[in-house]
Amino acid sequence: MQGSGTNYKGNVAEAEVAAAAVRAGIPVLKPLVEHARYDLAFDLGSRLARIQCKWATKRDDVVLIRLSGYRLSSRGPIKSTYAADEIDAVAAYCDELDRCYLLPSSLIAGAYSVQLRVNATRNGQRAALHWATDYELPGAIAQLGERLSGTQEVAGSSPASSTSPPASSTASSPSETRQILGAHDFRNRFGWYFEQAAKGETFLITRRGRQYARLGPP
């Protein structure tokens, strides 16, 4: 591999992410201006998703994605992270595995880094882990589209200050409302979803764009 600087790695990551999205059938757009908070935009049909591209590194059994950066201010350079309203997802390319991953803004907002686990832990821990296979770009794109569609629906019927996690809605009968969400969103906010299920809501959980599980009231 030629080159090893930050700019070189960033350019390679952006090119690999764009190629992976195109292979998945997603039109890719690039902003004309530089220094925006996102590098690419994915055309998901109903809307555009703002994507920030990152270089990922494999360390032992995890893929490490660094998210923090530095901004210039009147006080000098300050360390910064991404906010959920600045981008819709971070796409990362890992050269060691030759894989692209897609992380939703709900996972990376305010974080300095994210670790995706490739292999199981030695102590058998499974809770509170982010598995790399759950975020591989081709499958994660479908979930990103569902999430953004759900955000639009919620924004149209609820106040902008609502703290409810984004989800899309569907109903099989007039008396039942179901929320559709990705498996990683459910894992990250399972406590909130359990509480809502106890209040009578029903959730359909998807994984890689397919129905995976159902959570309903007792």
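## A buried aromatic pair

W55 is buried, at 16% relative accessible area. This is a predicted model. Y93 is also buried, because its relative accessibility of 4% falls under the 20% cut-off.

One aromatic pair turns up in a search of the whole structure. Its members are W55 and Y93, set edge-to-face. Their centres lie 6.1 Å apart, with 75° between the planes. The contact links distant parts of the chain. W55 belongs to strand β3 and Y93 to strand β7 (residues 89-94), a separation of 38 residues.

## Strand β4 and its partners

β4 runs antiparallel to β3, and four bridges join them. Across this pairing, R59 stands opposite V62 of β4. Two residues sit between the strands of the β3 and β4 hairpin. D60 takes a positive phi there, near 55°.

β4 also pairs with strand β9 (residues 113-117). This pairing is antiparallel too, with five bridges. V62 has R117 as its bridge partner in β9. β4 is mostly covered, with four of its five residues buried.

## The largest pocket

The largest pocket has a volume of about 1100 Å³. Its lining counts 31 residues. T6, D39, Q52, C53 and K54 are the closest of these to the pocket centre. Four elements give two or more residues each to the lining: α1 (6-23), β3 (48-59), β4 (62-66) and β5 (69-73).

The lining is mixed in class: 10 residues are nonpolar, 11 polar and 10 charged.

How values were computed:
Residues are numbered from 1 along each chain as its sequence is written. This is a predicted model: local features need pLDDT of at least 70, side-chain atom pairs count only at pLDDT 80 or more; totals for chains, interfaces and linings use all residues. Side-chain values use heavy atoms; hydrogens and water are left out. On a 1 Å grid over the protein atoms alone, a cavity is a set of points where a 1.4 Å probe fits but cannot get out, and a pocket is an open set with protein on both sides within 12 Å along at least five of seven lines; lining residues have an atom within 4 Å of a point. Grid points are joined across faces, edges and corners, and a volume is the space filled by probe spheres set on the points. Ala, Val, Leu, Ile, Met, Phe, Trp, Tyr, Cys and Pro count as nonpolar, Asp, Glu, Lys and Arg as charged, and the others, Gly among them, as polar. Rings of Phe, Tyr and Trp (its six-membered ring) pair if their centres lie within 6.5 Å; planes under 30 degrees apart count as stacked, over 60 as edge-to-face and the rest as tilted. Buried means under 20% relative accessible area, exposed over 50%, partly exposed in between (1.4 Å probe, protein chains only). Two strands pair if DSSP finds at least two bridges between them.
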